[in-house]
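Biologist: Please take a close look at one part of this chain with me, beginning with the charged side chains and then working outwards to what surrounds them. I am new to reading models, so please explain each step with care.

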Amino acid sequence: MNHDGQSRVFAAILPTAGREFAGNEREQGLEVRAVHRQSPSNRVREVQVTGTAEVCCPADRVSVRVSVGNSKESVNDVTNSVSRRIEYILQAVRQHGVSDKDTSMRRFLHREAEQYHLEAEVVVTFSDFDKMERVRSVLLEKLDQSVCVGTPEFYHSAESLSLMRRRACVSAVENAKQKACEVSELLGQTLGSPLLVREEETKEWRNEDEEDGGKCQGAAPLPHLPRTPTITASSRVSVSFSLRDKSRKKL
């Protein structure tokens, strides 16, 4: 016989398979524990739930490096030669609606024997990948071999990574609440307000294996086709909810 006035009920729900959510969110599993405690002043009933979720985020930025170099016998000649090409590059970028704040440039002048060498590099950042392709096509078509248009480099902005992490945490809490509702129904209780929400674990990884996922079977690889990287964030949370007896009606 229990003399301390405490009673406990434990329930566990084990995952059978991963379940897909909108936005590439996936529930991995859930462990549920219902606890009934008797305190000196009142009886406290709660359900403690842990839930997980994953959110995938493709790269939302891409940068392209365009380098220009030339050699002349005078500083003025080499500067004019390189500057004409740089101005054409900047003009093409502006004509496609790219802001000046998304463009950076640097130059390096040095001398070897009787020749002056000037190298310049323009880095353009895009959030519109189609616009990036159009600009690259124009530069490759219109400029000569003295200009090198680099391979696009995709990456994630700080804003997109922050949003991905928040979505993973919120989705994990939503999954936990959904299961807690089902468990409370099973126990003949009504789910009350949350008592505690704690994020216990977060993970992030780059999805290299998905890069070839869309390739047709037997098709030759395309080594020069740039790949858009994807990052996945997972979150595991622990949430406690109060429980109310269904038989107790509000006055």
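**Charged side chains and their surroundings**

Modeller: Lys101 counts as exposed, because its relative accessibility is 70%, and anything over 50% falls in that class. Please keep in mind from the start that this is a predicted model, with a mean pLDDT of 81 for the protein chain and 73% of the residues at 70 or more.

The side chain of Lys101 meets that of Asp102 in a salt bridge, with 3.6 Å from N to O. Asp102 has a relative accessible area of 26%, so Asp102 is partly exposed. Elsewhere, Arg198, Glu200, Glu201 and Arg236 are joined into one network by salt bridges that share partners.

Arg94 takes part in a salt bridge with Asp100, where the closest N and O atoms are 3.3 Å apart, and also in one with Glu87, where the closest N and O atoms are 3.8 Å apart. Of these residues, Asp100 is exposed, with a relative accessible area of 52%, whereas Arg94 is partly exposed at 41% and Glu87 is partly exposed at 43%. The structure as a whole holds 13 salt bridges. As a general point, side chains of opposite charge can pair when their charged atoms come close.

Let us move on to the strands. Strand E6 covers residues 103–112 and runs antiparallel to E7, to which 10 bridges join it. One of the residues involved is Thr103, whose bridge partner in E7 is Val124. The hairpin of E6 and E7 has two residues between the strands, and Ala113 takes a positive phi near 55° in this hairpin. Strand E7 has the highest mean pLDDT among the elements of the chain, at 96, while strand E1 (residues 19–21) has the lowest, at 38.

From the strands we come to the nonpolar core. The largest such core has 26 residues, and Phe126 is listed with Val66, Ile86, Ile89, Leu139 and Val147 as having the most contacts inside it. At least two residues of this core come from each of E5 (61–72), H1 (75–95), E7, H2 and E8 (147–149), and H1 gives the most, with seven residues. Leaving aside residues up to four places away in sequence, Phe126 touches several others, including Val62, Val64, Val98 and Val135. A separate core of 12 residues includes Ala176, Val183, Leu191 and Phe241.

A search of the whole structure finds one aromatic pair, formed by Phe129 and Phe154 in an edge-to-face arrangement, with 5.0 Å from centre to centre and 75° between the planes. Because Phe129 lies in helix H2 and Phe154 in strand E9, the pair ties together parts that are 25 residues apart in sequence. Phe154 is buried at 14% relative accessible area, whereas Phe129 is partly exposed at 23%.

Strand E9 also holds Tyr155, which is partly exposed with a relative accessible area of 33%. Beyond residues up to four places away in sequence, Tyr155 touches Ala59, Asp60, Arg61, Val62, Ser63 and Thr125.

A word of caution completes the tour. Over residues 1–36 the pLDDT stays under 50, although the model has 85 contacts beyond four places in sequence for them. Residues 209–219 also have pLDDT below 50, and this stretch has four contacts beyond near neighbours in sequence. Where pLDDT is low, the predicted coordinates should not be read in detail.

How values were computed. Residues numbered from 1 in each chain as written. Predicted model: local features only at pLDDT ≥ 70, side-chain atom pairs only at ≥ 80, totals over all residues. Heavy atoms only, no water. pLDDT = per-residue confidence, 0-100. Helix = DSSP H or I, 4+ residues; strand = E, 2+ residues; numbered from the N terminus. Contact = heavy atoms within 4.5 Å. Phe/Tyr/Trp six-rings, centres within 6.5 Å; stacked < 30°, edge-to-face > 60°. Buried < 20%, exposed > 50% of the residue type's maximum accessible area, 1.4 Å probe, protein only. Core = buried A, V, L, I, M, F, W, Y, C linked by side-chain atoms within 4.5 Å. Pairing = 2+ DSSP bridges. Salt bridge = Lys/Arg side-chain N within 4 Å of Asp/Glu carboxyl O.
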